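Student: I keep meeting terms such as "buried" and "oblique" in structure notes. Could we go through a few and see what makes each one apply?

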Amino acid sequence: MVTMTDLMRKEQFDASTEPLLRVRDLTIEFPSGGGGWQTTVEGVSFDVGAGESVALVGESGSGKTVSSLAVMGLTQATGGRISRGSIEFDGRDLTKVPEREWRKLRGTGMGMIFQQPIRSLNPAYTVGDQIAESVRKHLGLSRKEAMARAVEMLELVQIPRAKERVGDYPHAFSGGMCQRVMIAMVMACNPRLLIADEPTTALDVTVQEKILDLLRDLQEQTGVALLFVSHDLAVVAELCQRVVVMYAGEIAENAAAEEVFFRPQHPYTSGLLASIPQPGLNADRRLHAIPGGIPAAADWPTGCRFSPRCPHVAPGVCDVEHPAMAQVPTGEARCLRVQDLDLQGVSVR
Ligand SMILES: Nc1ncnc2c1ncn2[C@@H]1O[C@H](COP(=O)(O)OP(=O)(O)OP(=O)(O)O)[C@@H](O)[C@H]1O
Ligand SMILES: [Mg+2]
């Protein structure tokens with residue numbers, strides 16, 4: 001028998017499992033040539049739980065950066081506007097708070113790192129000064145405390161000889177080390193959410209691996225949640241617990257990582273998986289996995305946006321009706337044929 005106490009316990013449990021970030025129906029527009037507005041991200045909904053690691057994946061132009069910048073409250077700064085939807089962080093809808101509060105949150109609640117770390121660092125100041133400046137501003141530490149925090153942060157991101165390196169300028173650091181400095185700067189204010197937009201794309205494969213290891217370590221040590229943006233499913237395989245696949249401004253599939261690789265529910269996800277190089281498969285497969293490219297927002301097809309490229313397209317259906325998100329056992333997928341298809345994932349060896 002279920003008792004009142006059980007119910008209350010369940011309620012408490014549910015409350016404590018409220019996601020840290022809850023994005024719902026997020027729709028973003030940019031000015032179009034003719035004085036109107038063009039939708040570039042539409043109806044995007046996903047959650048990131050506290051301490052969770054979620055990947056936002058898709059080809060170039062799918063809307064990953066536009067969506068992440070919106071979470072950071074930077075849509076307006078990039079010339080766009082949020083025309084619909086909500087971005088709840090810790091239970092508060094950020095689309096309704098004044099810019100000042102969002103700015104405060106950007107320092108302490110969440111932080112973002114980018115593909116080209118060197119561009120985000122100021123060449124005229126030492127890395128220590130830059131980290132210290134950030135913690136003084138956001139945490140109100142004294143100069144001395146802030147510098148000690150900078151050293152501690154460089155140690156946290158595993159930069160050797162942190163006490164000496166804190167006095168170096170950004171140009172003295174390699175690409176991988178610069179990315180560590182950026183991560184240190186963002187982590188210095190104890191954010192609960194770290195957004196990483198292609199943080200390893202510009203780096204060599206070996207350096208890339210080390211940054212991924214670092215992010216994993218940081219999550220274990222600090223419990224920070226991670227929204228990891230990448231065009232490469234192979235990169236997110238080991239790092240993320242959930243995978244959100246974007247295509248042409250909307251979500252194509254959202255599923256647990258352990259499921260999505262073996263049982264993709266959207267032909268686009270299956271195509272992305274087929275482009276992951278696998279030993280024993282000829283290189284041709286990679287090139288021909290998904291012919292064509294993502295259409296620009298102004299040319300999105302009427303039906304399923306992936307239908308012109310989809311090997312499973314049902315003519316007269318998929319090119320006519322725009323699919324809604326459908327619940328599937330592994331999560332959700334935006335495909336009209338989701339019930340009929342048995343899609344190829346990566347093979348387990
Ligand atoms: N400031 C802007 N003004 C107008 N359009 C924009 C702006 N920023 C992005 N867009 C458009 O929004 C769409 C999505 O872009 P976004 O940068 O989010 O793609 P992405 O998935 O991050 O791609 P990539 O993998 O290349 O980084 C693109 O069609 C892009 O041209
Ligand atoms: Mg991008």
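Tutor: Happily! Let's begin with disulfides: the count here comes to 0, where a disulfide is a pair of cysteine sulfur atoms within 2.5 Å. This is a predicted model, in which local features need pLDDT of at least 70, side-chain atom pairs count only at pLDDT 80 or more, and totals for chains, interfaces and linings use all residues. Residues are numbered from 1 along each chain as its sequence is written, chains are lettered from A and ligands numbered from 1 in the order in which they are written, and side-chain values use heavy atoms, with hydrogens and water left out.

Student: How do you know that C310 is in no disulfide?

Tutor: The nearest cysteine sulfur, that of C335, is 6.4 Å away.

Student: And why is the sulfur of C335 too far from the closest cysteine sulfur for a bond?

Tutor: That closest sulfur, in C318, is 6.3 Å away, so it does not come within the cut-off for a disulfide.

Student: What makes C310 count as buried?

Tutor: Its relative accessibility is 13%, and buried means under 20% relative accessible area, with exposed over 50% and partly exposed in between (1.4 Å probe, protein chains only). C335, at 10%, therefore counts as buried too.

Student: Why is I87 called buried?

Tutor: I87 has 0% relative accessibility, so it meets that rule. This residue is found in strand β4 (residues 81–89); strands are DSSP runs of E, at least two residues, and helices are runs of H or I, at least four, numbered from the N terminus. Not counting residues up to four places away in sequence, I87 touches several residues, among them L21, V71 and W102, where contact means heavy atoms within 4.5 Å.

Student: Now the helices. What angle do α6 and α8 make?

Tutor: Helix α6 (residues 143–156) and helix α8 (residues 175–187) pack at about 125°, with axes 9 Å apart. Axes are lines fitted to C-alpha atoms, for helices over the stretch in contact, and angles run from 0 to 180 degrees between N-to-C directions.

Student: Why is α6 called oblique to α8?

Tutor: Angles under 35 degrees count as roughly parallel, over 145 as roughly antiparallel, 65 to 115 as roughly perpendicular and the rest as oblique. The angle of about 125° falls in the rest, so α6 is oblique to α8.

Student: And what about α5 and α8?

Tutor: The axes of helix α5 (residues 127–139) and α8 come within 8 Å and cross at roughly 25°. That is under the parallel cut-off, so α5 is roughly parallel to α8.
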